[in-house]
Amino acid sequence: MKVSFQYYSEGEDGRDDYRFSSEVQAQEKFESLKAMIEVQFGGCRDAEIVDEPDFFGIIDHATGDWAKVIMSC
C-alpha cells in the first residue's frame with residue numbers, strides 16, 4: 001500500500017510518498033495526513049473539499065493553495 005501526500009502553498013509545492021506492507025498502517029497514515037490537512041485549511045471560507053475513502057483533498061480558491069492525500073495499492 002502507498003500513501004501519497006501532495007501540496008501547493010505560497011508558490012511552493014511538494015510530495016511525500018509512504019509505502020506500507022499493512023493496509024492498517026497505510027490507513028492510519030492516510031487518516032493522520034487527512035487530519036493535518038483539515039487543520040491547515042480549517043479557517044478557509046472559500047475551500048472546496050473532496051472526501052473519498054482513498055482520496056482527501058482541499059483547495060482554497062481564494063489563494064490557490066491546495067493539499068491532498070491519496071491511498072493506493
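**Notebook: helix α1 and the core**

Entry 1. I began at the start of the helix in this predicted model. Ser22 caps the N-terminal end of α1, with a side-chain oxygen 3.1 Å from the backbone nitrogen of Val24.

Entry 2. I then checked the length of α1. The helix covers residues 23–40, which is 18 residues. At 1.5 Å a residue the expected span is 26 Å, and the end C-alpha atoms are 26 Å apart, so the two values agree.

Entry 3. Which residues of α1 are buried? I found Ala26, Phe30, Leu33, Lys34 and Ile37. Viewed down the helix axis, the buried residues fall within an arc of 105 degrees, so they line one face of α1. On the other side of the helix, Val24, Glu28 and Val39 are exposed.

Entry 4. I looked up what the buried residues of α1 pack against. The partners are the strands β1 (2–9), β2 (12–19), β3 (47–52), β4 (55–60) and β5 (66–72).

Entry 5. Lys34 got a separate check, being a lysine on the list of buried α1 residues. Why does Lys34 count as buried? Its relative accessibility is 14%, and the cut-off for buried is under 20%. With neighbours within four places in sequence left aside, Lys34 is in contact with Asp51, Phe56 and Val69.

Entry 6. Next I took the largest nonpolar core. It has 12 residues: Val3, Phe5, Ala26, Phe30, Leu33, Ile37, Phe41, Phe56, Ile58, Ala67, Val69 and Met71. At least two residues of this core come from each of β1, α1, β4 and β5. Which element gives the largest share? That is α1, with four residues. As a general note, nonpolar side chains in soluble globular proteins tend to be buried together.

Entry 7. I listed the contacts of one core member, Val3. Leaving out neighbours within four places in sequence, Val3 touches Ala26, Lys29, Phe30 and Leu33, among others. The Val3 list also includes Val69, Ile70 and Met71, as well as Asp16, Asp17, Tyr18 and Phe20. Two of the Lys34 and Val3 lists' entries can be read together: Val69 is in contact with Lys34 and with Val3.

Entry 8. Last, the cysteines. How many disulfides are there? The count comes to zero, taking a disulfide as a pair of cysteine sulfur atoms within 2.5 Å. Cys44 is partly exposed, at a relative accessible area of 25%. Cys73 is exposed, with a relative accessible area of 89%.

Note on methods. Residues numbered from 1 in each chain as written. Predicted model: local features only at pLDDT ≥ 70, side-chain atom pairs only at ≥ 80, totals over all residues. Heavy atoms only, no water. Expected span 1.5 Å × (residues − 1). Buried < 20%, exposed > 50% of the residue type's maximum accessible area, 1.4 Å probe, protein only. Arc of directions from axis to C-beta. Contact = heavy atoms within 4.5 Å. Polar contact = N/O pair within 3.5 Å; in protein donor to acceptor, adjacent residues only side chain to side chain. Core = buried A, V, L, I, M, F, W, Y, C linked by side-chain atoms within 4.5 Å.
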